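Thanks for coming. I will go through one structure this morning, starting with a helix and then moving to the interior.

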Amino acid sequence: MRVLTKRRDFLKSSALFAAGALVCASGVETHAQEASSNWYRGNLHMHTFRSDGTAFPDEAAALYKRLGYHFVALTDHNATHENPDRWVAYGKKNLTPEHVVRFRENFPNMPIETRLEADGATACRLKTFDEISALLNEPERFLLISGNEVSSGSKNGEELHANFINTRRENKVRPTETGKENLLWTLELRDEYIGAENPDTLYIVNHPLWRFYDVDPRSLVEQPTIRFFEVANIGGKPLFSAPDEFWTHDKFWDIVNAFRAEKGDPLLFGVATDDTHGYDSFYSKPTSLGFVVVRAPQLSTREIMHAMHRGDFYASTGSLLKDVWWEPSVGKLSISVDPEPGCEYTIQFIGTKKGFDHTIEREIEYTASGTIPEWAIRQNYRLPTRKIAVYSDDIGRVLHEERGLNAEYVLQPEDLYVRARILMRKSAQASTAPSTLPTVWTQPVRVA
């Protein structure tokens with residue numbers, strides 16, 4: 001088995017799923033991975049000067065490659081990287097001469113093409129996807145993936161953002177009355193662009209809590225062809241806080257999967273992303289990175305996409321696993337953590353039982369409080385009011401918990417599904433609240 005990078009340079013080869021059939025979260029049996037499979041780390045949500053990021057597209061990808069990532073997807077808002085005649089002038093999109101100097105000093109083999117505009121300003125050309133791929137792609141080391149983020153608001157203030165991964169077609173924004181209508185519209189785009197069940201692509205519902213409870217879990221229960229959402233988004237945290245009784249991203253995930261599992265619908269997979277806009281920290285010390293780690297036979301777009309559709313990946317905001325494996329013959333999910341010095345680990349197995357309480361305990365109309373960012377004020381954004389449903393604690397219960405580096409759980413006959421959450425706590429860290437700790441999320445499994 002090939003070792004891809006040094007141990008703490010993020011990834012290494014791993015033991016594989018137990019021999020035999022693997023029952024995916026969809027309930028479909030597939031064959032276990034071959035012995036040549038490897039783990040690949042990647043980020044599926046990032047922005048550049050093509051929209052509202054603060055890096056050239058090639059610069060952003062090169063920074064991730066330098067960190068040891070194996071793949072990244074360029075996902076600028078409603079934009080792709082196909083046009084060879086895209087230019088950004090100094091003073092636009094946060095581009096400064098100092099920024100260009102830093103890029104040239106750090107990546108001298110990646111030239112920047114400049115020209116003088118009619119008003120005398122200096123402008124830089126944005127490279128195309130194919131140009132960047134030719135500069136950076138290396139077999140089994142790095143892969144650039146195309147994409148874009150469909151971003152559109154609604155008249156009631158609800159935002160729906162969704163990532164289209166492995167597509168090179170741009171879209172046009174069409175405002176709607178509500179966020180739910182926006183979701184249906186993006187699904188229409190998905191079906192037109194890439195197909196509802198195309199395993200070579202991903203459609204990901206982004207940051208459902210951003211800006212403030214803008215995506216209701218019931219919308220995803222009603223749309224079982226949506227297979228991916230962001231359980232963690234480093235750059236897209238909610239703008240405003242809310243009472244503890246309201247759902248978190250974890251609770252959102254379990255609400256959707258509890259109702260889907262009961263109906264026999266495909267379960268929802270969770271990804272973690274950076275949603276990177278600013279890149280200054282990449283030149284010093286990156287922190288709070290969100291990523292996915294995918295098990296695939298080789299580093300290719302097709303194999304990465306197919307593995308994710310199988311649920312053969314995990315999401316993380318800091319920790320790594322040695323392995324996660326599922327033994328369908330006995331219904332056992334096993335976890336092994338790749339430890340960091342001075343850290344403690346808690347492994348939780350989370351699921352929902354048959355016969356769970358379906359009722360909404362209450363639906364609260366809540367108006368957010370706090371300071372609206374200046375960029376949102378420029379968009380005439382106002383403090384939002386949302387009707388937020390509060391669900392029973394039956395949904396998303398901790399079924400079993402162990403401290404240490406290894407744990408396993410055998411599904412019981414009444415379990416609808418189970419997933420693992422691994423919390424990482426540094427010895428000197430006081431807080432034990434899950435929302436404050438680096439976390440790993442495995443994908444849900446169930447007995448067919």
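Let me begin with helix α7, residues 301-309, which is mostly covered, with seven of its nine residues buried. The buried residues in α7 are Thr301, Glu303, Ile304, Met305, His306, Ala307 and Met308. After α7 comes Gly311, and its phi is positive, near 80°.

I should say at once that this is a predicted model.

Now the overall picture. The protein has eight helices and 24 strands. Of its 448 residues, 55% are buried. If you take the contacts with a separation of 6 or more, 74% of them join residues 24 or more positions apart.

Next, the interior. In soluble globular proteins, nonpolar side chains tend to be buried together. Here the largest nonpolar core holds 55 residues, and the members that touch the most others are Phe56, Ile335, Phe349 and Ile422. Which helix gives the most to this core? That is α1, residues 57-67, with five residues. Apart from this core lies another, of 49 residues, including Trp185, Phe246, Ala368 and Ile372.

Let me stay with Ile422 for a moment. Setting aside neighbours within four places in sequence, Ile422 is in contact with Leu321, Ile335, Val337, Tyr345, Thr346 and Ile347, and also with Pro438, Thr439, Val440 and Thr442. Ile335 in that list is, like Ile422, among the residues of the largest core that touch the most other members.

Helix α1 also holds Asp58. Is Asp58 buried or exposed? Asp58 counts as buried because its relative accessibility is 2%, and the cut-off is under 20%. Leaving out neighbours within four places in sequence, the contacts of Asp58 are Phe103, Met110, Lys127, Ile132 and Leu136.

Two loop residues are worth a look. The first one I will take is Leu95, in the loop between β5, residues 87-89, and α2, residues 97-106. With a relative accessibility of 1%, Leu95 counts as buried. What does Leu95 contact beyond its neighbours within four places in sequence? The residues are Phe49, Phe56, Val88, Ala89, Tyr90, Val100 and Cys124. Leu95 also comes within 7.2 Å of Thr54, C-alpha to C-alpha, with the two 41 residues apart in sequence.

The other loop residue is Ser154, between β9 and β10. Ser154 is buried too, at a relative accessible area of 11%. Not counting residues up to four places away in sequence, Ser154 touches Thr176, Glu177, Thr178, Gly179 and Asn182.

On to cysteines. A disulfide is a covalent bond between the sulfur atoms of two cysteines. A search of the whole structure for disulfides finds zero. Cys124, which we met as a contact of Leu95, is buried, at 0% relative accessibility. Cys343 has a relative accessible area of 15%, so Cys343 is also buried, given a cut-off of under 20%.

Now the empty space, beginning with the second largest pocket. Its volume is about 480 Å³. The lining has 18 residues, and the closest to the centre of the pocket are Asp52, His77, Trp210, His277 and Trp375. Which strand supplies the largest share of this lining? The answer is β9, with three residues. Strands β9, residues 147-153, and β10, residues 159-165, each contribute at least two residues. These are the strands on either side of the loop that holds Ser154. By class, the pocket lining has ten polar, six charged and two nonpolar residues.

Then there are the closed spaces. Over the whole structure, the search finds five cavities of 30 Å³ or more. The second largest cavity encloses about 100 Å³. How many residues line the second largest cavity? There are 13, and those nearest its centre are Ala196, Tyr203, Thr225, Arg227 and His309. By class, this cavity lining divides into five nonpolar, five polar and three charged residues. His309 brings us back to the start of the talk, as α7 covers residues 301-309.

That is all I have; I will take questions now.

Technical notes:
Residues numbered from 1 in each chain as written. Predicted model: local features only at pLDDT ≥ 70, side-chain atom pairs only at ≥ 80, totals over all residues. Heavy atoms only, no water. Core = buried A, V, L, I, M, F, W, Y, C linked by side-chain atoms within 4.5 Å. Buried < 20%, exposed > 50% of the residue type's maximum accessible area, 1.4 Å probe, protein only. Helix = DSSP H or I, 4+ residues; strand = E, 2+ residues; numbered from the N terminus. Contact = heavy atoms within 4.5 Å. 1 Å grid on protein atoms, 1.4 Å probe; cavity = no way out; pocket = protein on both sides within 12 Å on 5 of 7 lines; lining within 4 Å. Points joined across faces, edges and corners; volume = space filled by probe spheres on them. Nonpolar A, V, L, I, M, F, W, Y, C, P; charged D, E, K, R; others polar. Disulfide = S-S within 2.5 Å.
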